[in-house]
Amino acid sequence: MDKYPSPCDKCEKVCTGGQGCEDWKIRYRYRQKQINAMARRLVRPEKNRKFFQYSHPDDVREFLQRGPCVDCKAEHLCNIPCGNYWKWWDMRMAYIKRRLGL
């Protein structure tokens with residue numbers, strides 16, 4: 001964000017209404033685009049695989065125990081469950097049902 005400093009630092013205008021001036025809005029939208037792009041990179045699953053890869057059963061059991069949030073880079077930013085969490089939840093429930101024989 002340092003590459004695009006706040007226009008309010010050098011501005012002498014008095015902003016009213018809590019919305020800011022046009023320069024502030026441009027910077028705000030630019031920062032939001034950067035934040036959203038970073039979140040998409042961190043949360044979006046890898047889609048470029050061209051082959052199927054099996055995971056080791058011990059790795060699967062460990063993943064089912066700890067969940068996807070442990071290794072997630074966006075864990076400190078997140079306050080609602082993401083798609084990866086819900087996939088893990090469904091896998092965990094299927095595992096528990098199978099273990100209980102339901």
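This briefing describes the helices, the charged pairs and the cysteines of one protein chain. The model is predicted. The secondary structure of the chain comes to three helices and zero strands, and from the N terminus on the elements run α-α-α. Of the 102 residues of the chain, 10% count as buried. Among contacts between residues at least 6 apart in sequence, 51% join residues at least 24 apart.

**Helix α3**

- Helix α3 covers residues 83-100, and arginine 92 lies in this helix.
- At 1.5 Å a residue, the 18 residues of α3 should span 26 Å. The C-alpha atoms at the ends of α3 are 26 Å apart, which agrees with the expected span.
- Which residues of α3 are buried? Trp88, Arg92 and Tyr95 are buried there. They cover an arc of only 60° around the axis, which puts them on the same side of α3.
- On the other side of α3, Asp90, Arg98 and Leu100 are exposed.
- The buried residues of α3 pack against α2, which covers residues 57-66.
- Just after α3 comes glycine 101, with a positive phi of about 80°.

**Arginine 92, a buried charged residue**

- Side chains of opposite charge can pair when their charged atoms come close.
- Arginine 92 is buried, yet this residue has no salt bridge.
- How far away is the nearest side chain of opposite charge? That side chain belongs to aspartate 90 and is 12 Å away from arginine 92. A salt bridge needs a side-chain nitrogen within 4 Å of a carboxyl oxygen, so the pair does not qualify.
- Leaving aside residues up to four places away in sequence, arginine 92 touches Leu64 and Gln65.

**Salt bridges**

- How many salt bridges does a search of the whole structure find? The search finds two.
- One salt bridge joins arginine 61 to aspartate 58, and the closest N and O atoms are 2.6 Å apart.
- Both arginine 61 and aspartate 58 lie in helix α2, three residues apart, which is about one turn of the helix.
- Arginine 61 has a relative accessible area of 42%, so this residue is partly exposed. Aspartate 58 has 43% relative accessibility and therefore counts as partly exposed.
- Another salt bridge is formed by the side chains of arginine 66 and glutamate 62, at 3.4 Å from N to O.
- Because arginine 66 and glutamate 62 are four residues apart in helix α2, about one helical turn separates them.
- With a relative accessible area of 35%, arginine 66 is partly exposed. Glutamate 62 counts as partly exposed at 44% relative accessibility.

**Cysteines**

- How many disulfides are there, if a disulfide is a pair of cysteine sulfur atoms within 2.5 Å? By this rule the count comes to zero.
- Cysteine 69 is in no disulfide, and the nearest cysteine sulfur, that of cysteine 78, is 5.7 Å away.
- Why is cysteine 78 without a bond to cysteine 69? The closest cysteine sulfur to that of cysteine 78 is in cysteine 69, and the 5.7 Å between them is too far for a bond.
- Cysteine 69 has 28% relative accessibility, so this residue counts as partly exposed. Cysteine 78, at 41% relative accessibility, also counts as partly exposed.
- Where along the chain is cysteine 78? Cysteine 78 is in the loop between α2 and α3.

**Helix α1 and pairs far apart in sequence**

- Helix α1 covers residues 22-43 and includes arginine 40.
- Is arginine 40 buried, exposed or partly exposed? Arginine 40 has 43% relative accessibility and so counts as partly exposed.
- Arginine 40 and alanine 74 are 34 residues apart in sequence, and their C-alpha atoms are 9.9 Å apart in space.
- Cysteine 78 and alanine 39 are 39 residues apart in sequence, with 9.6 Å in space from C-alpha to C-alpha.

Definitions and conventions. Residues are numbered from 1 along each chain as its sequence is written. This is a predicted model: local features need pLDDT of at least 70, side-chain atom pairs count only at pLDDT 80 or more; totals for chains, interfaces and linings use all residues. Side-chain values use heavy atoms; hydrogens and water are left out. Helices (H or I, at least four residues) and strands (E, at least two) are DSSP runs, numbered from the N terminus. Buried means under 20% relative accessible area, exposed over 50%, partly exposed in between (1.4 Å probe, protein chains only). Lys and Arg count as positive and Asp and Glu as negative; His and the chain ends are not counted. Contact means heavy atoms within 4.5 Å. The expected span of a helix is 1.5 Å times one less than its number of residues. The arc is that of the directions from the helix axis to the C-beta atoms. A disulfide is a pair of cysteine sulfur atoms within 2.5 Å.
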